[in-house]
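User: Please take a close look at a single part of this structure and describe its surroundings in a connected account. I should like to see the sequence and the model before the discussion begins.

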Amino acid sequence: RAGELFCSLLVCVCSASLTPCLLLCAFDDFLLIGKNTCRLAVTRPTTVAMALDFSNETFTNFAFYSGLVLGKTVLMSPLTTIARVSKKVYANPEDTRFFAPGTPVTTNDAMVERIRRCQRNDLENVVPFTLIGLLYVSA
């Protein structure tokens, strides 16, 4: 009953153009019967809801690998910190005052730079991978 009222209001609001009403009714599981009437359709999960479900093998794989790369991205920050502190390679004078007073500012240690580049690569690539992958899985 509430669904019929809602959809009827949509049809009245959109009476100049029937197409937007059809779309709005379809997205809210309403079915347009005539020009000015509609009713609640049979309850069914939408395509996007079915795509983003763990019963969908593609979504399950996507969730696993996204979690894996996001976890690696999160772990790269402490790894960079540990490498900087253990090698006494600091990029800022503030860090040298806190961790090792009197140590010069250096940014040319090969291992620290490699970890830093890996972390930066993760930050640049994991977010687009996750967003584009979510769009792909939901399509």
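The part I have in mind is Thr106, which is found in the loop between helix 5 and helix 6. Which residues does Thr106 touch, not counting residues up to four places away in sequence?

Analyst: Thr106 touches Val89, Tyr90 and Ala91 once residues up to four places away in sequence are set aside. The model is a predicted one, and the values below are computed from it. The C-alpha atoms of Thr106 and Asn92 are 8.4 Å apart in space, with their positions 14 residues apart in sequence. The side chain of Thr106 also reaches the backbone oxygen of Pro104, at 3.2 Å. Thr106 has a relative accessibility of 25% and therefore counts as partly exposed, since the buried class requires a value under 20%.

Thr96 offers a second view of this region. Thr96 lies in helix 5, which spans residues 93-99. The relative accessibility of Thr96 is 7%, so this residue counts as buried. Leaving aside neighbours within four places in sequence, the contacts of Thr96 are Tyr90, Pro101, Thr103, Pro104 and Val105. Two of these names have already appeared with Thr106: Tyr90 is one of the residues that Thr106 touches, and Pro104 supplies the backbone oxygen that the Thr106 side chain reaches. The side chain of Thr96 reaches a backbone oxygen as well, that of Pro93, at 2.7 Å.

Tyr90 leads on to the aromatic residues, for Tyr90, Phe98 and Phe99 form one aromatic cluster. The count of aromatic pairs comes to five. Among them is the pair of Phe64 and Tyr65, an edge-to-face arrangement with 5.0 Å from centre to centre and 75° between the planes. The rings of Phe98 and Phe99 have centres 4.9 Å apart and planes at 85°, so this pair is also edge-to-face, because planes over 60 degrees apart fall in that class. Within the cluster, Phe98 is exposed at 65% relative accessibility, while Phe99 is partly exposed at 41%. As for the other pair, Phe64 is exposed, with a relative accessible area of 51%, and Tyr65 is partly exposed at 46%.

The loop that holds Thr106 lies between helix 5 and helix 6, and helix 6 has a further partner. The axes of helix 4 (residues 57-87) and helix 6 (residues 110-138) come within 9 Å and cross at roughly 160°. These two helices are therefore roughly antiparallel, as angles over 145 degrees count as such. The crossing of helix 4 past helix 6 is left-handed.

A residue-level example of a long-range contact is given by Thr58, which is placed in helix 4. Thr58 touches Tyr136 and Val137, not counting residues up to four places away in sequence. Thr58 and Tyr136 are 78 residues apart along the chain, and their C-alpha atoms are separated by 9.6 Å. At 39% relative accessibility, Thr58 counts as partly exposed.

The overall setting is as follows. The protein contains six helices and two strands, and its elements run α-α-β-β-α-α-α-α from the N terminus on. Of its 139 residues, 26% are buried. Among contacts with a separation of 6 or more, 48% are between residues 24 or more positions apart.

Technical notes:
Residues numbered from 1 in each chain as written. Predicted model: local features only at pLDDT ≥ 70, side-chain atom pairs only at ≥ 80, totals over all residues. Heavy atoms only, no water. Helix = DSSP H or I, 4+ residues; strand = E, 2+ residues; numbered from the N terminus. Buried < 20%, exposed > 50% of the residue type's maximum accessible area, 1.4 Å probe, protein only. Polar contact = N/O pair within 3.5 Å; in protein donor to acceptor, adjacent residues only side chain to side chain. Contact = heavy atoms within 4.5 Å. Phe/Tyr/Trp six-rings, centres within 6.5 Å; stacked < 30°, edge-to-face > 60°. Axes fitted to C-alpha atoms, helices over the stretch in contact; angles between N-to-C directions. Parallel < 35°, antiparallel > 145°, perpendicular 65-115°, else oblique. Left-handed = near helix turned anticlockwise from the far one by under 90°.
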